[in-house]
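Grab a pencil and work through these exercises with the structure open beside you. Try each task before you read its solution.

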Amino acid sequence: MADETAVAAAAFRALMASHPGGVAVITTADERGTPYGFTCTALCSVSLDPPRLLVCAAHSGRTLPVLTERGSFVVNLLHVAGRGAAEVFTSRTADRFGEVSWQSGPTTGLPVLSEDAHAVAECRVAALHPCGDHTIVVGDVLRSEVRTTTRAPLLYGRRRFAAWPSDT
């Protein structure tokens, strides 16, 4: 049975790799203000009234326990020039926030990737749903901002980064 599970996991990973998605960095901070974050493609809107979205966070990561304790987080939707930030937040780099520009969000005080995000949502945790090796984190959107930029949104699919196609 273990071999069948491994094959199923590999097949599932290949399936999901063939479905491109937008790239975000989810950020939060502990009670001392130490920032945490991870790269995420598993996110979507949940509700318009109230405004809610969800992100999926791995149980194996360092960010989920901090996010759970803090009760709030920021979704930083990356533009194509933010690829370096996406890569930093998937790496084992100890000081991820030393590699990117960030500032405190006006509502939550949590890290906003000021140079790498084309849109930002500051959220309060509304629900946590453990599911397999991840937790589905539902967030009430407290503040959102879409920045005017000519940079295309960053996508990830087929195990590589790409830019949203040009409108021309």
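The exercises below go through a predicted model, one topic at a time.

**Exercise 1. The sheet**

Work out the order of the strands in the open sheet, and find which strands stand at its edges.

*Solution.*
- Step 1: Follow the sheet across. Seven strands make it up, in the order S3-S2-S6-S9-S10-S5-S4.
- Step 2: Check the directions. The pairing is antiparallel. As background, strands of a sheet pair through backbone hydrogen bonds, either parallel or antiparallel.
- Step 3: Look at the two ends of the order. S3 (35–40) and S4 (43–47) each have a single partner strand, so one side of each has no neighbour in the sheet.
- Step 4: Add the twist, which averages 35° from one strand to the next.

**Exercise 2. Strand S2 and its partners**

Describe how S2 pairs with S3 and with S6, then decide whether S2 is enclosed or open to the outside.

*Solution.*
- Step 1: Start with S3. Six bridges hold S2 and S3 together in the antiparallel sense. The two strands form a hairpin with five residues between them. Have a look at Gly33 in the turn, where phi is positive at about 90°.
- Step 2: Turn to S6 (residues 72–78). Four bridges join this strand to S2 (residues 24–29), again with the strands running antiparallel.
- Step 3: Pick out single pairs. Val25 has Thr39 as its bridge partner in S3, and Val25 also stands opposite Asn76 in S6. For Ile26, the bridge partner in S6 is Val75.
- Step 4: Check burial face by face. Ala24, Ile26 and Thr28 are buried on one side, while Val25, Thr27 and Ala29 are buried on the other. That's six of the six residues of S2, so the strand is largely enclosed by the rest of the structure.
- Step 5: Find a helix that lies across S2. Helix H2 (residues 63–70) does this, at about 60° to S2. H2 also lies across other strands, including S3, S5 and S6.

**Exercise 3. Ser72 and its surroundings**

Is Ser72 buried or exposed, and which residues does Ser72 touch beyond its neighbours within four places in sequence?

*Solution.*
- Step 1: Place the residue. Ser72 belongs to strand S6.
- Step 2: Compare its accessibility with the cut-off for buried, which is under 20%. Ser72 has 9% relative accessibility, so this residue counts as buried.
- Step 3: List the contacts, with sequence neighbours within four places left aside. Ser72 touches Thr28, Leu67, Thr108, Leu110, Cys123, Arg124 and Val125.

**Exercise 4. Cysteines and disulfides**

Count the disulfides, and explain why Cys44 is not bonded to Cys56.

*Solution.*
- Step 1: Recall the idea. A disulfide is a covalent bond between the sulfur atoms of two cysteines. The cut-off here is a sulfur pair within 2.5 Å.
- Step 2: Test Cys44. Its closest cysteine sulfur is in Cys56, 7.6 Å away, which is too far for a bond.
- Step 3: Test Cys123. The nearest cysteine sulfur belongs to Cys40, at 11 Å, and Cys123 is in no disulfide.
- Step 4: Give the count, which is zero disulfides.
- Step 5: Compare the surroundings. Cys44 is partly exposed at 39% relative accessible area, whereas Cys123 is buried at 0%.

**Exercise 5. Backbone angles worth a look**

Find the peptide bond from Asp49 to Pro50 and say whether the bond is cis or trans; then examine phi at Arg158 and Arg159.

*Solution.*
- Step 1: Read omega between Asp49 and Pro50. The value is near 5°, and the bond is cis. Pro50 sits in the loop between S4 and S5.
- Step 2: Move to Arg158, in the loop between S11 (154–157) and S12 (160–163). Phi here is positive, about 50°, although the residue is not a glycine.
- Step 3: Do the same for Arg159, which lies in the loop between S11 and S12. Its phi is positive too, near 60°.
- Step 4: Check accessibility. Arg158 is exposed at 59%, and Arg159 is exposed at 52%.

**Exercise 6. The largest pocket**

How much space lies in the largest pocket, and which element gives the most to its lining?

*Solution.*
- Step 1: Take the volume, about 1,800 Å³.
- Step 2: Look at the lining, made up of 43 residues. Closest to the centre are Thr39, Cys40, Thr41, Ala58 and His134.
- Step 3: Sort by element. H1 (2–17), S3, S5, H2, S10 and S11 each supply at least two lining residues. S3 gives the most, with six.

How values were computed. Residues are numbered from 1 along each chain as its sequence is written. This is a predicted model: local features need pLDDT of at least 70, side-chain atom pairs count only at pLDDT 80 or more; totals for chains, interfaces and linings use all residues. Side-chain values use heavy atoms; hydrogens and water are left out. Two strands pair if DSSP finds at least two bridges between them. Axes are lines fitted to C-alpha atoms, for helices over the stretch in contact, and angles run from 0 to 180 degrees between N-to-C directions. Contact means heavy atoms within 4.5 Å. Buried means under 20% relative accessible area, exposed over 50%, partly exposed in between (1.4 Å probe, protein chains only). On a 1 Å grid over the protein atoms alone, a cavity is a set of points where a 1.4 Å probe fits but cannot get out, and a pocket is an open set with protein on both sides within 12 Å along at least five of seven lines; lining residues have an atom within 4 Å of a point. Grid points are joined across faces, edges and corners, and a volume is the space filled by probe spheres set on the points.
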